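Work through the exercises below with the structure open beside you. Try each task before you read its solution.

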Amino acid sequence: MYRFAVGRSRSSANQLHQLLQSSSPHQLSCSTGRLRQLHSRKLASLSFPLAKQHRTAPLKATSFTVPSWSTNGLGSPYLQIRSLASGSLPPHTKVPLPALSPTMERGSIKSWEKKEGDKLNEGDLLALIETDKATMDFETPEEGFLAKILVPGGSKDVPLGQTVCIIVPNQEDVAAFKDFTAEQGQQQDAAKSSGGNSASEQEKAPERSNQGDANRTGGADLSSFPPHMKVKLPALSPTVDQSTIKSWNKKEGDKLSEGDLIAQVETDKATIDWNWENPEEVYVAKLFVPDGTADVPVGQLVAIFVNDKKDLAAFKDVSRQDFEGSTEKPPAPKAKKDIPKEQQKEQRSSTQDVDTQSSSGRHSDSSGLQTAGGRVFASPLARSLAKSKGIDLAALRGSGPDSRVVAKDVESFTPESPSAKQTTVKKSASGASVGESEAAYQDIPMTNMRQIIAKRLLQSKQTVPHYYLSVDVVLDDVVNLRKELNTLLEKDKVKISMNDFIIKASALACKKVPQTNSAWMDTFIRQFSMVDVSVAVSTEAGLITPIVFGADTKGLVEINADVVRLADAARKGKLKPQEFQGGTFTVSNLGMFDIKNFSAVINPPQSCILAVGGAQKTLIADEKAKEGYRVATVMSVTLSCDHRVVDGAVGAQWLKHFKRCLEHPETMLL
């Protein structure tokens, strides 16, 4: 016998529809008088039996609407519920609106690039989201099928974190969400947040707490702490997984107001200011990650903020593990039969050593806790600190639980002086003893930017079918024009460079041959109406490509101002994400290094990149000259094209228009 509260509202029907779906209708019988009573009330209760074949799982619904009233042909009214079954919705993922820029609070869904029922692969373009800075690509977070779009294309001011669609792992589960609505998703979220959240959902919830949760192993009882805010490292770039905290601009005890600089964070692209974009004033109670810490995962707890200054003292001696606990699990030991006898002896010896120290309550040795394979167990923060300081974890004595190396072990470690190190002595082939000296090389740790450059360029060369087209451009006319313009602009302290002409000519050629101003999007080719030229700039940290937006519509002076400003910001590591993310065409100029010509690697998903060499004096044939030749200033350029988007003839047409613009610069005015 199952008992339900019966309502006549549409929301009640939707609520039951989520929970009960089957191909066979259930018939619920009751007396005529009872039906009249139900029909006359907005809410009543009803008990009914279900056939055994339908009792496949406990019914979890609390309400449903009477969808139809009819008779069974015998004059006895009954309730008929179609397409409903017992149980809950199939496994699914609610996809929230992500933060696609550091200052984004709301976004607009410009368009969905997938429709309901489509197969999704991780990384597929799912939708175009307009943020407070630009229109960004929203990629599919996981593989599956798009079951339901809850926020239609064109919706504006969608709050961050609002569920925008549902993804299911199996195609047959798509039908279960046919009538699922955004309101139902919000009701479920509200029900979960009021109690009954799963552990994983609690971790994803906003990290403001004033009472003790059921923390993971190693965490402290948070009920003893005053109200506080857990601050996690944000994703300051859409492609960043880890960042380096170069410096904190605030110290513990400082006050934070809206717009204040919290820290400078080095991402995969540049060093970005992390500002406090909240009208609420807070105080920095604890900083868990010191200045200079590299490879801090996005989402890691890095600080604690409080609203009241008097609460600062409560967090003076806390550690990150008090709030997050230990997330590493030691691997299961190998079976004894798989371990060599000599290694078993070493393990038995090591075990005996540990037993002699059991009175201290800790298991430690001079090199920290290691597995049979030599792995040292350490907290994530300790690993990060050790890496930034160049300390070998194996040289540390762990003071944490089960001899785990923790942050204070790294901070208190004093490296052994070179004189105290023993020199390993080997016998040479001739029998002489030689000391093993330090290797004649230096291991340079990679920055986040260098790692991303390596990853993206490797991906480009492995997946993009490059081909290359070269042409020589005679620059005599444009060189003379540049001199004249710079003379006119001298009083304004503006000096137009040859690179400004190249950017303008590239943009105009892209307008003439729009196929080159396109992007490969796996399932389609996107052709852009505006030409946003990425300009490769070399910095100490690596190569970055700030963007001259709308270069086809700008004059030379405006292009020059943009390039000077962006290049200076790039070298100082002060570029904003919206200033280097995107672009439709790239120019890479090595002419200032006297490079005659080179071939550049395409920056996906762009389709072309122009490699510009240096200008050189060269003898060329000239029928008008008395000698039949003359000395000219010639520049060699090479266009790298993605053959999936740009055919060879199309690339040749682009070079034809580009050459014409520079050899006859007056045509750029047409």
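## Exercise 1: A helix and its end

In helix 7 (residues 380–389), the buried residues are Leu381, Ala382, Ser384, Leu385 and Ala386. The model is a predicted one.

**Task.** Find the residue that follows helix 7 and state the sign of its phi.

**Solution.**
1. Go to the end of helix 7, at residue 389.
2. The residue that follows helix 7 is Gly390.
3. The phi of Gly390 is positive, near 70°.
4. Now look back at the buried positions. An α-helix has 3.6 residues a turn, so residues three or four places apart point the same way.
5. Check Leu381 and Leu385 against that rule: both are on the buried list of helix 7.

## Exercise 2: The whole chain

**Task.** Describe the chain by its elements, its burial and its contacts.

**Solution.**
1. Count the elements: there are 13 helices and 35 strands.
2. Turn to burial. The chain has 670 residues, and 43% of them count as buried.
3. Take the contacts between residues at least 6 apart in sequence. Of these, 66% join residues at least 24 apart.
4. Finish with the surface. About 37100 Å² is exposed, and carbon and sulfur atoms supply 50% of it.

## Exercise 3: Strand 19 and its partners

**Task.** Decide how far strand 19 is enclosed, then trace its pairing with strand 17 and strand 20.

**Solution.**
1. Strand 19 covers residues 261–266, and 5 of its 6 residues are buried. It is therefore largely enclosed by the rest of the structure.
2. Strand 17 (residues 242–248) runs antiparallel to strand 19, with 4 bridges between them.
3. Strand 20 (residues 271–275) also pairs with strand 19, antiparallel, through 5 bridges.
4. Pick out Glu266. Thr244 has Glu266 as its bridge partner in strand 19. In strand 20, Glu266 is bridged to Thr271.

## Exercise 4: An open sheet

**Task.** Which strands stand at the edges of the sheet in the order 26-35-34-33-29-32?

**Solution.**
1. The sheet is open, has 6 strands and shows mixed pairing.
2. Strand 26 (466–474) and strand 32 are the edge strands. Each has a single partner strand, so one side of each lacks a neighbour in the sheet.
3. Start from strand 32. It pairs antiparallel with strand 29 (residues 533–535) through 2 bridges. Ser534 is bridged to Ile547 in strand 32.
4. Move to strand 33 and strand 34. They pair in the parallel sense over 4 bridges, and Thr586 stands opposite Ile609.
5. Next come strand 34 and strand 35 (residues 629–642). They run antiparallel and share 12 bridges. Here Ile620 stands opposite Arg630.

## Exercise 5: Aromatic pairs

**Task.** Classify the pair Phe177 and Phe180, then the pair Phe225 and Phe315.

**Solution.**
1. The structure holds 6 aromatic pairs.
2. Phe177 and Phe180 lie 5.8 Å centre to centre, with 65° between the planes. This pair is edge-to-face.
3. Phe177 has 0% relative accessibility, so it counts as buried. Phe180, at 2%, counts as buried too.
4. The ring centres of Phe225 and Phe315 are 5.1 Å apart and their planes stand at 20°, so this pair is stacked.
5. Locate both rings. Phe225 is in the loop between strand 15 (208–209) and strand 16 (228–232), and Phe315 is in the loop between strand 23 (301–306) and helix 5 (320–324), so the pair ties together parts 90 residues apart in sequence.
6. Phe225 and Phe315 are both buried.
7. Add one cluster: Phe585, Trp654 and Phe658 form it.

## Exercise 6: Two loop residues

**Task.** Are Asp552 and Met592 buried or exposed?

**Solution.**
1. Asp552 lies in the loop between strand 32 (547–548) and helix 12 (556–571).
2. Its relative accessible area is 12%, so Asp552 is buried.
3. Leave out residues up to four places away in sequence. Asp552 then touches Lys504, Ala507, Leu508, Lys511, Met530 and Val531.
4. Met592 sits in the loop between strand 33 (585–589) and strand 34 (608–621).
5. Its relative accessibility is 55%, so Met592 counts as exposed.
6. Met592, Phe593 and Ile595 make a nonpolar surface patch of about 320 Å².

Key: Residues are numbered from 1 along each chain as its sequence is written. This is a predicted model: local features need pLDDT of at least 70, side-chain atom pairs count only at pLDDT 80 or more; totals for chains, interfaces and linings use all residues. Side-chain values use heavy atoms; hydrogens and water are left out. Buried means under 20% relative accessible area, exposed over 50%, partly exposed in between (1.4 Å probe, protein chains only). Contact means heavy atoms within 4.5 Å. Accessible areas come from the Shrake-Rupley method with a 1.4 Å probe; for residues, only the protein chains shown count as cover. Two strands pair if DSSP finds at least two bridges between them. Patches are made of residues with over 30% relative accessible area and no salt bridge: like charges are joined within 9 Å, nonpolar side chains (Val, Leu, Ile, Met, Phe, Trp, Tyr) within 5 Å. A salt bridge is a side-chain nitrogen of Lys or Arg within 4 Å of a carboxyl oxygen of Asp or Glu. Rings of Phe, Tyr and Trp (its six-membered ring) pair if their centres lie within 6.5 Å; planes under 30 degrees apart count as stacked, over 60 as edge-to-face and the rest as tilted.
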